[in-house]
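Take the model below as two problems: how the protein chains pair, and how the pair meets DNA. Have the coordinates open while you read.

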Number of protein chains: 2
Amino acid sequence: MTLAASGETDEPSSAGAGVVERAPRRKRSDAKRNLDSLLDAAKEVFASSGVDAPAKEIADLAGVGVGTVYRHFPVRSDLVIAVLQHEVDACIEEGETLSSTEESLAALTKWLHRYTDFVATKRGLAAALHSGDPAFEGLPSYLLQRLDPVVVMMLDRAAAAGEIRSDVTANDLLRAVAQLCIPGPGGPAYSQRMVALLVDGLRNVSTEAR
Amino acid sequence: MTLAASGETDEPSSAGAGVVERAPRRKRSDAKRNLDSLLDAAKEVFASSGVDAPAKEIADLAGVGVGTVYRHFPVRSDLVIAVLQHEVDACIEEGETLSSTEESLAALTKWLHRYTDFVATKRGLAAALHSGDPAFEGLPSYLLQRLDPVVVMMLDRAAAAGEIRSDVTANDLLRAVAQLCIPGPGGPAYSQRMVALLVDGLRNVSTEAR
DNA sequence: GCTGAAGCGGAAACTGATTCCGTATTAACC
DNA sequence: GGTTAATACGGAATCAGTTTCCGCTTCAGC
């Protein structure tokens, strides 16, 4: 986790071995307040105007200056990640749950549709993920890094059971799904249909690369 | 074909019935020259810097002012369409050829991979298609409108032969393929693999919506 | 050659991102 | 409760790119 601005703990960590160092002073309370309002504001603005909403809009809603936004979150993706954190965690947990309660293919399928819903539902997220905009550089790698383990697990289990081909990686899948979630006419329903098609392709063992 | 700035013919069309009208004067030769250099320059810049390259870059290479770019091509997508015209035509022709020389499923499959290559190879095109940027608004609809007929034909033929499910439209497919062509690690090879997966899903009749 | 319509160039206005720095606030220490 | 240095703040300034606009130039038609 390389979150630039997350809260740390309140306690200043005691100085390292040997070197005589002044204990770092505690984080300022107004900074903490601002960071909180910023996160709240961002969540709201992202939901209504998308993750690429102008920085000023977030700053205004949070009642701070733009400078404060950039100080806490030097790049846009830091802010997006901070806001999405919990939802991503929930996604991971659900993957683990499905894995342990469902048959291997069903678990994978259900989870992919759940993930599709997650990505397709966050305004501008899918587009940002593939925009190539340096402001969002950190996003794809963050999601991949977080989600990869669960997906690998589900994928391996289903492949071992012979339910799906084994020449597609978790990375491939996560990226493809997110691409199919880019909004357009048809809304999330379109994305779900295309993901279903992809999953059907996954089940087609006959054309597997060897 | 709703190309805003394409060449028209040299001859001013004679006036309509009844109304006495001064014959419109011929298009100025310098304007034609500029339009040509603009198209040449755009083709080059699009190839090297992507379809979202700054207007100034194109203007400079063409040896004209930015104003001239905007006069001929009020929105970016007009210019992109003008540049892609021939390649799209070629794509359509190839679809017709494949249709008449190949077995139905093979024709569809080959064509989709050919289309994948086309989209994945034009710098920034796939991203622009799904960017939602108003500057590119016209692009998706142009491509859809041009390509839809051939794809519908191939799709129908394969569906009639029972080779593929019939609950997926040409529109669905074209869009999905273009989404999977958005560049990233793995290059066009990734796109081709994912399109192959999608096609495999298409062949899976068992889960077809009824 | 004249003339006015058509077209030109590039400066100006605008939009949003990002940096910067003088000022305000705070934690720590007395 | 006062002092001080570190920290954080706000928003003006800067920057990059798009888009508009208008005085000047060039061309087609005569």
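The paragraphs below go from conventions to symmetry, then to the protein interface, then to each DNA strand.

This is a predicted model, in which local features need pLDDT of at least 70, side-chain atom pairs count only at pLDDT 80 or more, and totals for chains, interfaces and linings use all residues. Residues are numbered from 1 along each chain as its sequence is written, chains are lettered from A and ligands numbered from 1 in the order in which they are written, and side-chain values use heavy atoms, with hydrogens and water left out.

Start with the symmetry. A turn of 180 degrees, with a shift of 0.0 Å along the axis, lays chain A on chain B with an RMSD of 0.1 Å. That is the relation of a two-fold axis. The superposition is by least squares on the C-alpha atoms of residues with pLDDT of at least 70 in both copies. Within chain A, the residue closest to the rotation axis is A:Gly201, its C-alpha at 1.8 Å. Both copies use the same surface: 100% of the contact residues of chain A recur in chain B. Contact here means heavy atoms within 4.5 Å.

Now the protein interface. It pairs 24 residues of chain A with 24 residues of chain B. The size of an interface is often given as the accessible area lost when the parts come together. Here the buried area (accessible area, 1.4 Å probe, that two parts lose on being put together, summed over both) is about 2200 Å². Carbon and sulfur atoms give 54% of that area. A:Arg175, A:Gln179 and A:Leu197 supply 27% of what chain A buries against chain B, more than any other three residues.

Polar terms come next. The interface of chain A and chain B holds four salt bridges (a side-chain nitrogen of Lys or Arg within 4 Å of a carboxyl oxygen of Asp or Glu) by the rule used. One of them joins A:Arg165 to B:Asp200, with the closest N and O atoms 2.7 Å apart. There are also 16 residue pairs in polar contact across this interface, both residues at pLDDT 80 or more. A polar contact is a pair of N or O atoms within 3.5 Å; within protein, one must be able to donate a hydrogen and the other to accept it, and residues adjacent in sequence count only if both atoms are side-chain atoms.

Which elements of chain A face chain B with at least two residues each? They include α8 (170-180) and α9 (187-203). Helices are DSSP runs (H or I, at least four residues), numbered from the N terminus. α9(A) gives the most, nine residues. By class, this side of chain A has eleven nonpolar, six polar and seven charged residues. Ala, Val, Leu, Ile, Met, Phe, Trp, Tyr, Cys and Pro count as nonpolar, Asp, Glu, Lys and Arg as charged, and the others, Gly among them, as polar.

Turn to DNA strand D. It is surrounded by 23 residues, the closest being A:Arg28, A:Asn34, A:Thr68, A:Arg71 and B:Tyr70. Near means one heavy atom of the residue within 4 Å. Of the strand D atoms within 4 Å of the protein, 69% belong to sugar or phosphate and the rest to bases. α1 (29-49) and α3 (66-72) of chain A and α1 (29-49) of chain B each supply at least two residues. α3(A) has the largest share, five residues. A polar side-chain atom of A:Thr68 lies 2.4 Å from a phosphate oxygen of strand D. Backbone atoms take part too: a polar one of A:Gly65 is 3.1 Å from a phosphate oxygen, and an N or O of B:Arg26 is 3.0 Å from one.

DNA strand C has 23 residues around it, with A:Arg28, B:Arg28, B:Asn34, B:Thr68 and B:Arg71 nearest. Sugar and phosphate make up 65% of its atoms within 4 Å of the protein. The largest share of the surface near strand C, five residues, comes from α3(B). Polar side-chain atoms of B:Asn34 and B:Thr68 each lie 2.4 Å from a phosphate oxygen of strand C. The surface near strand C has six nonpolar, seven polar and ten charged residues.
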